[in-house]
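Q: Could you take me slowly through one strand of this model and its surroundings, so that I can see which partners it has and how it is covered?

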Amino acid sequence: MKRTLSVLLAAGAAAAGLMAMPGTANAAGGCKTMSAPGGGSAYVCKHYYSQGGGLYYGDFSVSGASSSVYAQISYDGNVQTVTSRGGSTSGGFSDVAKFHVRVCNSGCSAWY
């Protein structure tokens, strides 16, 4: 299967860029404020749905980041920085076995 990951770097494009989710699926995940080890925080959301076969699809967003905080995602062990310091983003993913988000500055938080 082909892994798909889309990240929108424009905060205002969040609603247009998220993948459509079936109304009957039960989402896992949620939202929380994450603190970076060197100070500052960001509001992080992620939701995911089973595709079957141990794979998932879903969406994520990072907003309200302090000026010193940036975000990273990890999908099946591949780490990617998705915001600049103080930035926000949203995106979607599919055909992924593991997906996590964390916030960083002088170090990084635990994966969520």
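A: A good place to start is a pair of facing residues: Tyr75 stands opposite Phe99 in E8. The model is a predicted one, and the part to look at closely here is strand E5 (70-75), which pairs with E8 in the antiparallel sense over 6 bridges. Another of these facing positions belongs to Tyr70, whose bridge partner in E8 is Cys104.

On its other side, strand E5 is joined to E6 by 4 bridges, and these two strands also run antiparallel. Here Ile73 is the residue that stands opposite Gln80 in E6. E5 and E6 form a hairpin with 2 residues between them, and in that turn Asp76 has a positive phi of about 50°.

Putting the two pairings together gives an open sheet of 3 strands in the order E6-E5-E8, with antiparallel pairing. Strand E6 (78-81) and strand E8 (99-104) stand at the edges, and because each has a single partner strand, one side of each is left without a neighbour in the sheet. From one strand to the next, the twist averages 25°.

Next comes the question of cover. In a regular strand, the side chains alternate between the two faces of the sheet. For E5, both faces turn out to be covered, since Tyr70, Gln72 and Ser74 on one side are buried, and so are Ala71, Ile73 and Tyr75 on the other. Because 6 of the 6 residues of E5 are buried, this strand is largely enclosed by the rest of the structure. Strand E8 is likewise largely enclosed by the rest of the structure, because 5 of its 6 residues are buried.

The loop that leads into E5 offers a contrast. Ser67 has its place in the loop between strand E4 (55-63) and strand E5 (70-75), and it counts as exposed because its relative accessibility is 66%, where the cut-off for exposed is over 50%. Leaving aside neighbours within four places in sequence, Ser67 is in contact with Arg85 and Gly86. Its C-alpha atom is separated by 9.1 Å from that of Ser84, a residue 17 positions away along the chain.

Phe99, the residue that faces Tyr75, also brings us to the aromatic rings, of which a search of the whole structure finds 4 pairs. The rings of Phe60 and Phe99 have their centres 5.3 Å apart and their planes at 40°, so this pair is tilted. The pair links distant parts of the chain, with Phe60 in strand E4 and Phe99 in strand E8, 39 residues apart. Both Phe60 and Phe99 are buried, and together with Phe93 they form one aromatic cluster.

Another of the aromatic pairs is made by Tyr49 and Tyr57, which are stacked, at 5.2 Å centre to centre and with 20° between the planes. Both of these tyrosines are buried. A ring can also have a charged residue over its face, as with Lys46, which lies over the face of Tyr112 at 5.2 Å from the ring centre.

Finally, the strand can be set within the whole chain, which holds 1 helix and 8 strands, running from the N terminus on as β-α-β-β-β-β-β-β-β. Of the 112 residues of the chain, 38% count as buried, and the residues of E5 are among them, with 6 of 6 buried. The chain exposes about 5,600 Å², of which carbon and sulfur atoms supply 51%. Among the contacts in the chain with a separation of 6 or more, 59% are accounted for by residues 24 or more positions apart.

Technical notes:
Residues are numbered from 1 along each chain as its sequence is written. This is a predicted model: local features need pLDDT of at least 70, side-chain atom pairs count only at pLDDT 80 or more; totals for chains, interfaces and linings use all residues. Side-chain values use heavy atoms; hydrogens and water are left out. Buried means under 20% relative accessible area, exposed over 50%, partly exposed in between (1.4 Å probe, protein chains only). Contact means heavy atoms within 4.5 Å. Two strands pair if DSSP finds at least two bridges between them. Axes are lines fitted to C-alpha atoms, for helices over the stretch in contact, and angles run from 0 to 180 degrees between N-to-C directions. Accessible areas come from the Shrake-Rupley method with a 1.4 Å probe; for residues, only the protein chains shown count as cover. Rings of Phe, Tyr and Trp (its six-membered ring) pair if their centres lie within 6.5 Å; planes under 30 degrees apart count as stacked, over 60 as edge-to-face and the rest as tilted. A charge sits over a ring if NZ of Lys or CZ of Arg is within 6 Å of the ring centre and within 35 degrees of the ring normal.
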